[in-house]
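Subject: The structure I promised you

Hi,

Here is the structure we talked about, ready for you to open. Have a look around first, then read on for what turned up.

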Amino acid sequence: MPQQRFPKVEILNIAPHFIQFILSETDTSMANALRRIMIAEVPTLAIDLVEYAENSSVLNDEYIAHRLGLIPIRYTPEGSLKGGDCHAAFLPHRECVCFDRCVRCSVEFELDVNFDKVNSTRPDQERDLALTVTSRNLTSNNMLVAPAHFLNEEEQDESHDEGISIVKLGPGQHLKLKAIARMGISKEHAKWCPVAVATYRFWPIITINQEACNMLTLEQKQELVDACPDRILELDEITGNLVAVENAYEMATFTEDLKVAQNAMKKRPEDDDFVRVVQSTDRFVFSVESTGAMDAEEILMSALRVLKDRLNYLAAEVEKLKD
Amino acid sequence: MNAPERSAAFLLDDEEEKVEYQADTKVSNAGTFTFNKEDHTIANLLRMQLLRDPQVKFAGYMHPHPLVHKIHLKIQTTTSQVAPAETLSAAIEDLSNETDHLITQVTDAIDKWKRENDTGLMGM
């Protein structure tokens, strides 16, 4: 089709919880659509229903249920260590044909912590201190699903991570509940949001007019370098020319400081600029940070899949209109 | 008490169609598509793509009220030979192909990065 674009992607950094990449040769509508989908429409698992057998803690039922809902739940497919996309493994519970819930559409967690029972097993110095019930106390009925903790075995052992704290228990207090996790999207409730941050910046296009710059003294050039709070310019050591810093894209925030400094330096206001910094309209630097429920690259792939499925669905619906 | 279900923002009601069309009575070769339970995400994407089509004279979208989840997308074509629905289908197809292209680009870019920065720890 003649009006199709062919975007390019270049990865800058991948960590299990973080991905940074450059998206180019497409425009802001695609970049924004991707960002909005990563934030609002990527399906994840989160606790949605809590059944209490026993709660004598200091927090009431719904308070604890709220906290349980916000715990990121990680699905790791067979044979992989990555927090993966759960949409293929689970059905949205509204679409599931089961009566109430089943293994196909939900995951059950059980939590049973009785202060008095645990107290007797604790070492002497800890005895009778408040006991923290954490996400580590949640036991799942599905081996592949568990609350998100650390990224790999190494870090777990080293960090002595106790998990996300839910409530603290004192003597005589007992918390026993069953929590059901379901698949959903962030549009319905923020607990299903897979990202902590999903954002993009514009690539800075820095054009330096070397001819005009040659008429400046070294002090004036240094003044320009210092004028910018992001420090996107520097003086080349050998030639003394003004050059853009290598990682300018990380720091540029497109302030007007350089413009103001230059206007003061120009002999006449209509003279050419020495340095121009402009936002690119087709190159974006994305930074996506995950909450731990899914790996960042999985979130990106899932967002693209959601976009594709949505477009296919709309295409079919528009076809229906034509007759 | 009056708060609507959050899921009403993206799930179609009973008897509601996803897309509706209303031809414009006053302007020739124009019509308005109503997308139910959609938002700026897809509307802006479609609008920008339609503006790139030379057969489209006018393309614009509205989100009339933030609490009512529908989008109006108005399209006017340059000639009566081309129906607005045709240009819309073409735009959706182009976007769909672009998304496919992006998926392969991202997968390749990730593989390339992993090969060049051998992590080995995370497991594939």
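Before the details, one term: two residues are in contact when they have heavy atoms within 4.5 Å. Please also keep in mind that this is a predicted model.

Let's start where the two chains meet through their helices. Which residues does helix 1 of chain A bring to helix 1 of chain B? They are Ser29(A), Met30(A), Ala33(A), Arg36(A) and Ile37(A). On the other side, helix 1 of chain B offers His40(B), Thr41(B), Asn44(B), Leu45(B) and Met48(B). Sorted by class, the residues of this contact come out as five nonpolar, four polar and one charged.

Now for the geometry of that pair. In general, you describe two packed helices by the angle between their axes and the distance between the axes. Here helix 1 of chain A covers residues 28-40 and helix 1 of chain B covers residues 40-51. Their axes come within 9 Å and cross at roughly 165°. An angle over 145 degrees counts as roughly antiparallel, so helix 1 of chain A and helix 1 of chain B are roughly antiparallel to each other. The crossing of these two helices is left-handed.

Each of these helices also packs against a helix of its own chain.

In chain A, helix 1 packs on helix 9 (residues 296-322) at an angle of about 110°, and the axes are 9 Å apart. Those two helices of chain A are therefore roughly perpendicular to each other. Met30(A), Leu34(A), Ile37(A) and Met38(A) from helix 1 touch Ile299(A), Leu300(A), Ala303(A), Leu304(A), Val306(A) and Leu307(A) from helix 9. This contact has ten nonpolar residues, no polar and no charged. Met30(A) and Ile37(A) are worth a click, as they appear in this contact and also in the one with helix 1 of chain B.

In chain B, helix 1 packs on helix 2 (residues 84-116), again at about 110° with axes 9 Å apart. That makes helix 1 of chain B roughly perpendicular to helix 2 of chain B. Leu45(B), Leu46(B), Gln49(B) and Leu50(B) are the helix 1 residues involved, and their partners in helix 2 include Thr87(B), Leu88(B) and Ala91(B). By class, there are seven nonpolar, two polar and two charged residues in this contact.

Next, zoom out to the whole interface. How many residues does each chain put into the contact? Chain A gives 52 and chain B gives 53. About 4800 Å² is buried between the chains, with 65% of that from carbon and sulfur atoms. Gln3(A), Lys187(A) and Leu311(A) supply 13% of the area that chain A buries against chain B, more than any other three residues.

Last, the salt bridges. The whole structure has 32 over all chains, and nine lie across the interface of chain A and chain B. One links Glu297(A) and Lys114(B), with the closest N and O atoms 2.7 Å apart. Another pairs Arg52(B) with Asp27(A), at 2.9 Å between the closest N and O atoms. Arg52(B) sits in the loop between helix 1 and strand 3 of chain B, and Asp27(A) in the loop between strand 2 and helix 1 of chain A.

Cheers!

Note on methods: Residues numbered from 1 in each chain as written. Chains lettered and ligands numbered in written order. Predicted model: local features only at pLDDT ≥ 70, side-chain atom pairs only at ≥ 80, totals over all residues. Heavy atoms only, no water. Axes fitted to C-alpha atoms, helices over the stretch in contact; angles between N-to-C directions. Helix = DSSP H or I, 4+ residues; strand = E, 2+ residues; numbered from the N terminus. Parallel < 35°, antiparallel > 145°, perpendicular 65-115°, else oblique. Left-handed = near helix turned anticlockwise from the far one by under 90°. Nonpolar A, V, L, I, M, F, W, Y, C, P; charged D, E, K, R; others polar. Buried area = accessible area lost by both parts, 1.4 Å probe. Salt bridge = Lys/Arg side-chain N within 4 Å of Asp/Glu carboxyl O.
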